[in-house]
Amino acid sequence: MGPVRVTAIASLTPLEELDADPFLVDSRGQHAMCARWAEEHGYVVRRELLVRALRPDHCVLWDGVRPGVDVFVAPSRRVLESALSSVEEFTEECERRGVRVETVGLAEPAYDAQMKARVHRRLSMPTAGYDGR
């Protein structure tokens with residue numbers, strides 16, 4: 001059957017919300033948290049989704065998802081609440097399809113001014129070839 005495949009869900013939050021909620025804006029940080037979780041469990045990240053208020057039945061969520069093989073993971077319930085239009089309906093749909101949904105459950109990082117500046121540069125200059133490092 002192969003390794004468990006993970007679809008990492010991150011919230012697509014506008015850059016304008018960086019000062020108020022840096023973790024929700026930092027999609028790279030959200031995906032990194034999911035990747036660490038997957039690695040710790042011996043799973044493989046197959047897809048990274050970046051979405052906001054997505055319907056639980058949207059085809060982008062379910063493209064190629066197989067029961068018993070795939071797991072959805074998000075850093076926290078709060079990220080799921082931003083990424084999906086209804087966490088409850090998504091959870092029900094996962095149960096109906098036989099797919100697990102997990103949250104990493106770690107504390108969100110505390111963002112200082114330098115960390116916020118890196119996120120801002122990365123998100124505001126993607127066409128200039130800046131990768132945020």
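In the predicted model, ring pairs join W62, F72 and F90 into a cluster. Four aromatic pairs are present in the structure, and two of them, described below, share F72. A pair of aromatic rings is described by the distance of the centres and the angle of the planes.

For W62 and F72, the ring centres lie 5.2 Å apart and the planes stand at 80 degrees, so the pair is edge-to-face, given that angles over 60 degrees are assigned to that class. Because W62 belongs to helix α3 (residues 59-62) and F72 to strand β3 (residues 70-74), this pair ties together parts that are 10 residues apart in sequence. Both W62 and F72 are buried. The second pair, formed by F72 and F90, is likewise edge-to-face, with 5.1 Å from centre to centre and 70 degrees between the planes. Here the link runs between distant parts of the chain, from F72 in strand β3 to F90 in helix α5 (residues 87-97), the two residues being 18 apart.

The accessibility values place these rings in the interior class: F72 has a relative accessibility of 1% and therefore counts as buried, and F90, at 0%, counts as buried as well, the cut-off for this class being under 20%. The surroundings of F72 include both nonpolar and charged residues, for when residues up to four places away in sequence are set aside, F72 touches T7, I9, R47, L61, W62, V65, F90, C94, V99, R100, V101 and E102. A charged group is also found at another member of the cluster, where the charged end of R97 sits over the ring of W62, 4.2 Å from the ring centre.

In soluble globular proteins, nonpolar side chains tend to be buried together. The largest nonpolar core of this model comprises 33 residues, of which I9, W37, L61, W62, F72 and F90 touch the most other members; the three residues of the ring cluster, W62, F72 and F90, are thus among them. Two or more residues are given to this core by each of β1 (5-11), α1 (22-25), α2 (27-40), β2, α3, β3, α4 (77-83) and α5.

A separate backbone feature concerns A53, whose phi is near 55 degrees, a positive value in a residue other than glycine. A53 is placed in the loop between β2 (44-51) and α3, and, because its relative accessibility is 48%, A53 counts as partly exposed, whereas W62 in α3 is buried.

Conventions: Residues numbered from 1 in each chain as written. Heavy atoms only, no water. Phe/Tyr/Trp six-rings, centres within 6.5 Å; stacked < 30°, edge-to-face > 60°. Helix = DSSP H or I, 4+ residues; strand = E, 2+ residues; numbered from the N terminus. Buried < 20%, exposed > 50% of the residue type's maximum accessible area, 1.4 Å probe, protein only. Lys NZ or Arg CZ within 6 Å of the ring centre and 35° of its normal. Core = buried A, V, L, I, M, F, W, Y, C linked by side-chain atoms within 4.5 Å. Contact = heavy atoms within 4.5 Å.
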